[in-house]
Amino acid sequence: MSKAIIQIDGNNFYASCEQMIDPSLRGKGLVILSNNDGCIISRSAEVRKSGIPMGKPYFKLKQKLNKLNIEVRSSNYELYGDISNRLMSILSEHCEKLEVYSIDEAFACITRPKDQNLNPWAKHIRALVYQNIGIPISIGIGVNKVQSKIANHIAKSIEENAGIFDMGIIQNKDQYLNLIEIEKVWGVGVKMSKWFRRRGITNARELRDMKREEIKYKFGIVGIRIQNELKGEICIPLNSNSLQRKQISVSRSFSYPISNLEELSLAISHYILIACAKLRKYNQLCSELTIFTNSSLYSRDYFRNDATSKLEIPSNNSVTILKESLLLTKKIFRPYNKLTKAGVIMKKLQSDKYQQRMLFNTKDSKSDLQLEYLDSKIDSINKKYGSNTLNWASSVIEKDWSPSRKKLSKLRTKCLENIPIVFCN
Ligand SMILES: [Mg+2]
C-alpha cells in the first residue's frame with residue numbers, strides 16, 4: 001500500500017488563536033503585532049482580502065486600520081504555544097509519523113486506503129481540530145514534502161478545495177505546478193529564486209523540467225533534491241524526532257534602551273532561565289553558550305558584541321549556566337551604549353541520556369543531584385502556576401524593560417483566573 005506525505009498548516013495561525021479565545025473577534029478584521037508592537041505579523045482572512053500588507057510597521061498603518069475598523073492585538077506567544085501543543089497532540093494521534101515543523105506546521109505520513117482516497121480522512125481531521133481547539137487548518141497531500149507543500153498552497157488558495165487538496169492522485173500535475181510561483185516552492189530561498197528568475201524559470205513546472213546539470217552546478221545536492229521531489233521522488237525524509245533541537249535561542253528587544261551592566265545582566269539571566277527550562281523540557285544538554293547584545297540598527301554609533309563559552313561538562317542546570325552567562329555578560333558590556341536587544345544562543349545540544357563526566361571530577365556529585373532536583377521542582381511549580389511563579393534572584397526585574405505589549409489578550413487557556421465565568425439559570 002502506498003504512503004502519502006501530508007502537510008498540515010494552521011490558517012492565519014496567530015489571528016485564528018485570538019479569534020478562538022475571544023468570540024467577539026470572529027468574522028472581523030484582525031491583525032497581530034510583533035514584539036514591542038512593531039510590525040504586522042499575522043492577519044485574519046478578512047484583512048488579507050482588504051490588502052493590508054504583512055511586515056509593515058504598525059504606526060504607519062494605524063490610521064488606516066482604525067478607519068477600516070480592524071482590531072489589533074499584541075503577540076501572545078504563550079497562548080500560541082499552548083494552542084500549538086494541542087494541535088500537534090491531536091495530529092500525532094491520527095498520523096503514523098509526525099514531524100513538528102514550526103509552531104503551526106507539521107508534516108505527517110499516512111498509508112493510503114485501498115481506493116487511494118484520503119479525502120474522507122482529511123475532512124475528519126479538519127473537523128476534529130476545529131471542534132476540539134477551534135482553529136481552521138489546511139491539509140496538503142502528496143508523495144513527498146515538496147509536493148505536499150504545493151498541495152497545501154492549492155488547498156488554501158482555491159476556495160472550492162475547502163482547505164484540502166491531494167496532489168498525489170492527480171494525473172496531469174502541470175496545470176497546478178504552473179500556478180506555483182518559483183518563490184513559493186518549498187526550499188527555494190530568496191537567493192535561489194532570483195537566480196531562477198534570471199534564467200527565465202518562474203514557476204514549479206519550469207523548475208521541474210529545467211536541465212538537471214544547471215541546477216547541480218549552481219546549487220548542488222540541495223537543488224537536485226527539490227527538483228527530484230517535484231518529479232515525484234522522495235528525497236527529503238520525514239524527521240519524526242524534530243523535538244530534538246539543534247540549538248535553542250531566546251532573544252528580545254527592550255521597550256526602552258538600557259545602558260548599564262545591571263540591567264543587561266538581568267535581561268540575560270531572564271533569557272538563560274527560559275532557555276534552560278526548554279533544554280530540560282526536551283531532555284537535552286548544551287555544551288556551548290553564546291550571549292549577545294546590540295544597539296539600534298538605525299543609531300549612528302551602532303554597537304554589537306557577543307561572547308561564547310564552552311561548558312566543560314554539558315549541562316541544562318540553571319545555576320551552572322547562569323554563572324557562566326554572567327561572566328560573559330561582563331565581557332560583552334561597554335558603558336555608554338544604548339542597548340535595544342539582547343539574547344542567548346545554546347548550541348551543540350545533545351541528549352541528556354548520556355552525560356560525559358570529567359575523568360578527575362573535583363566537584364561533589366551530591367551537590368549536582370541537589371541542583372537537578374531543585375530545577376525539576378522549579379519547573380513543575382512554574383508549569384502548574386505560570387512561567388514566572390518561581391525565579392532566580394539574578395533575573396528578578398524591577399523596572400519593566402521587557403517588550404511592550406499594549407494590546408495583549410489574556411492567556412485564557414492556561415491561567416485559572418483568566419478563564420471566563422459563565423452564568424446560567
Ligand atoms: Mg500557517
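Let me start with Glu 99, which is buried in this predicted model, its relative accessible area being 6%. Its partner is Lys 145, and the two side chains form a salt bridge in which the closest N and O atoms are 2.7 Å apart. Because Glu 99 belongs to strand 5, residues 97-102, while Lys 145 belongs to helix 6, residues 145-157, the pair ties together parts that are 46 residues apart in sequence. Is Lys 145 buried or exposed? With a relative accessible area of 4%, Lys 145 is buried, because anything under 20% falls in that class.

A second pair to look at is Asp 166 with Arg 112, a salt bridge whose closest N and O atoms are 2.8 Å apart. Here too distant parts of the chain are linked, since Asp 166 sits in strand 8, residues 164-166, and Arg 112 sits in the loop between strand 6, residues 105-111, and helix 5, residues 119-133, with the two positions 54 residues apart in the numbering. Both Asp 166 and Arg 112 are buried.

The third pair is Arg 199 with Glu 214, where the closest N and O atoms of the salt bridge are 2.5 Å apart. Arg 199 lies in the loop between helix 8 and helix 9, the latter covering residues 204-209, and Glu 214 lies in helix 10, so this pair ties together parts that are 15 residues apart in sequence. As for exposure, Arg 199 counts as partly exposed at 47% relative accessibility, and Glu 214 is partly exposed as well, with a relative accessible area of 27%. Beyond single pairs, Asp 174, Arg 205, Arg 208 and Asp 209 are joined into one network by salt bridges that share partners. For the structure as a whole, the search finds 19 salt bridges.

Now let me turn to charge on the surface. Which residues form the positive surface patch? They are Lys 191, Lys 194, Arg 198 and Lys 218, and the largest share of the patch, 3 residues, comes from helix 8, residues 190-198. Lys 218 is found in helix 10, residues 212-231, and at 44% relative accessibility this lysine counts as partly exposed.

I will end with an uncharged pair. Thr 290, in strand 10, residues 284-295, is buried with a relative accessible area of 7%, and the side chain of Thr 290 is joined to that of Thr 308 by a polar contact of 2.9 Å.

Methods:
Residues numbered from 1 in each chain as written. Predicted model: local features only at pLDDT ≥ 70, side-chain atom pairs only at ≥ 80, totals over all residues. Heavy atoms only, no water. Patch = residues over 30% accessible without salt bridge, like charges linked within 9 Å, V, L, I, M, F, W, Y side chains within 5 Å. Areas by Shrake-Rupley, 256 points an atom, 1.4 Å probe, with all protein chains shown as cover. Salt bridge = Lys/Arg side-chain N within 4 Å of Asp/Glu carboxyl O. Lys, Arg positive; Asp, Glu negative; His and termini not counted. Charge placed at Lys NZ, Arg CZ, Asp CG, Glu CD. Helix = DSSP H or I, 4+ residues; strand = E, 2+ residues; numbered from the N terminus. Buried < 20%, exposed > 50% of the residue type's maximum accessible area, 1.4 Å probe, protein only. Polar contact = N/O pair within 3.5 Å; in protein donor to acceptor, adjacent residues only side chain to side chain.
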